[in-house]
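Here's a quick walk through one chain, from a helix outwards to the core. Keep the structure open while you read.

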Amino acid sequence: MQGYDDSSDSETMSAGHSLSSRASTLASEMGEPETEWRSITSSVWNHDYESGRRYHHFRSGRYLYPNDDEEQSREEAAHVLYSELLDHRSFLAPVANGPRKIINLGCGPGFWAVDVADKFPEAQVVGVDLSPIQPLWVPPNVSFLVDDIEDHEWTFGGDFDLVYMRQTLMHVRGDFDDLFARVFNWFETHDERCTLITMAPLETPLPLSDTPNQAVAPEARRLICPDMGLGRITKLCHQAVRGSWAPEELEPAAQRRALEAAGFVNVRDERFDMPMGPWPDDPRLKYIGLMKHEDLLAYVDPISLKPLQNLGLSPSEINDAVQDALEMINDASLRLAMPLAVIYAQKPTGADQAARQDPNANTP
């Protein structure tokens with residue numbers, strides 16, 4: 001699946017009108033006033049170019065990773081990886097009777113949105129992103145909007161059965177509380193943890209884990225030092241995006257507390273180990289490890305460039321940091337893993353909250 005090609009101005013304008021029209025139609029189907037949906041103007045389709053890579057122009061600099069074809073290809077492969085990791089489930093939240101209105105915040109090229117629209121053809125699916133890189137030929141129940149999910153007023157409405165994010169929370173520059181306050185019904189986020197895990201060296205037998213979806217027992221794990229190799233790249237990117245190195249704020253425990261403080265109930269989190277190489281004996285985990293290894297090789301350089309430049313590192317310092325990370329990724333003597341944390345929770349609607357406060361609300 002290919003993203004948007006910005007090589008033609010006439011195609012750009014046509015595509016913009018097409019998406020805007022789809023948004024208006026979808027707004028009508030959802031019962032939302034058309035005025036609440038932002039029209040996509042021609043300037044939104046522009047891009048910024050820097051150091052041979054392409055970046056979004058709308059709210060320039062808000063998202064520090066590229067959006068060009070090379071990055072979209074990597075994201076498509078990553079989508080396949082996450083799908084395999086979760087046994088081809090798009091989400092884990094137990095949405096009653098299946099979701100009817102779904103929004104994907106920070107949708108990127110839109111692979112997840114299109115996939116979930118195919119699985120739930122009766123649902124209306126909206127993808128929102130800063131970059132206009134989504135495909136133009138999509139299922140009729142999908143619409144994409146260029147917008148900023150951190151705006152205080154969401155122009156794309158609310159009342160969604162499921163609000164979904166993947167690898168997006170790290171890029172939220174404000175407080176998570178403000179974002180969580182605007183979400184009702186089910187919310188689900190999939191995020192790779194900031195801290196990576198290294199297992200024992202290859203010649204050391206690994207104790208197996210009794211926990212589903214985790215490759216080895218806790219005693220075989222230790223955190224990668226944030227000042228070396230891939231750990232250092234992770235730390236520096238986090239500093240550039242969030243303003244400081246505070247990995248604990250993206251830990252599942254911290255997210256649970258923030259969700260509960262925002263009024264969510266039924267908060268659940270599940271962890272899935274992603275091997276970073278083909279070291280597991282299990283064929284499925286070996287396959288996932290191969291995919292994650294290739295993903296990281298394509299990921300480290302582009303995600304490091306702009307964040308590390310913004311931190312003031314010189315080109316040679318950036319190159320040294322990237323090479324150290326790649327050396328760790330390719331070190332066959334290490335057994336590395338990166339956990340994926342899946343957190344989902346439910347915020348009661350106004351009627352549900354009233355029923356909770358009045359114990360006799362459902363009494364005949």
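Which residues of H6 are buried? In this predicted model, they are Pro252, Ala254, Gln255, Ala258 and Leu259. Looking down the axis of H6, these buried residues fit within an arc of 160°, so they line one face of the helix. That fits a general rule: an α-helix has 3.6 residues a turn, so residues three or four places apart point the same way. On the face of H6 turned away from its buried side you'll find the exposed residues Arg257 and Ala261.

What do the buried residues of H6 pack against? Their partners are helix H4 (176–181), strand E7 (185–192), strand E10 (265–275) and E11. After H6 comes glycine 263, and its phi is positive, near 100°.

Just before this helix, have a look at glutamate 249, which sits in the loop between H5 and helix H6 (252–261). Is glutamate 249 buried, partly exposed or exposed? Its relative accessibility is 23%, so it counts as partly exposed, given that buried means under 20% and exposed over 50%. Setting aside residues up to four places away in sequence, glutamate 249 touches Phe176, His238, Arg242, Ala254 and Gln255. Two of those names, Ala254 and Gln255, also appear among the buried residues of H6. Phenylalanine 176 is 73 residues from glutamate 249 along the chain, with 9.5 Å between their C-alpha atoms.

Now for H8. This helix runs over residues 315–329, and its 15 residues should span 21 Å at 1.5 Å a residue; the end C-alpha atoms are 21 Å apart, which agrees. Buried in H8 are Ile318, Ala321, Val322, Ala325, Leu326, Met328 and Ile329. Because they cover an arc of only 160° around the axis, they lie on the same side of H8. Their cover includes helix H5 (229–242), helix H7 (283–310) and strand E11 (336–347). E11 is also one of the elements that the buried residues of H6 pack against.

Here are the two nonpolar cores side by side.

| Core | Number of residues | Residues to look at |
|---|---|---|
| Largest | 58 residues | Leu162, Leu230, Ile233 and Leu308, those with the most contacts inside it |
| Second, separate | 24 residues | Val163, Met165, Phe187 and Val267, among them |

Which helix gives the largest share of the 58-residue core? That's H7, with eight residues. Leucine 308 is a good one to click on: leaving out neighbours within four places in sequence, it contacts Ile233, Leu236, Cys237, Leu313, Ile318 and Ala321. Ile318 and Ala321 are among the buried residues of H8. As a general point, nonpolar side chains in soluble globular proteins tend to be buried together.

What about the cysteines? Cysteine 237, one of the contacts of leucine 308, has 2% relative accessibility and so counts as buried. Cysteine 107 is buried as well, with a relative accessible area of 8%. How many disulfides does a search of the whole structure find? The search turns up zero.

Finally, the overall picture. The chain holds nine helices and 11 strands, and buried residues make up 54% of its 364 residues. Of the contacts with a separation of 6 or more, 70% join residues 24 or more positions apart. The chain exposes about 16400 Å², and carbon and sulfur atoms supply 50% of that area.

Key:
Residues are numbered from 1 along each chain as its sequence is written. This is a predicted model: local features need pLDDT of at least 70, side-chain atom pairs count only at pLDDT 80 or more; totals for chains, interfaces and linings use all residues. Side-chain values use heavy atoms; hydrogens and water are left out. Helices (H or I, at least four residues) and strands (E, at least two) are DSSP runs, numbered from the N terminus. The expected span of a helix is 1.5 Å times one less than its number of residues. Buried means under 20% relative accessible area, exposed over 50%, partly exposed in between (1.4 Å probe, protein chains only). The arc is that of the directions from the helix axis to the C-beta atoms. Contact means heavy atoms within 4.5 Å. A disulfide is a pair of cysteine sulfur atoms within 2.5 Å. A nonpolar core is a set of buried Ala, Val, Leu, Ile, Met, Phe, Trp, Tyr and Cys residues joined through side-chain atoms within 4.5 Å. Accessible areas come from the Shrake-Rupley method with a 1.4 Å probe; for residues, only the protein chains shown count as cover.
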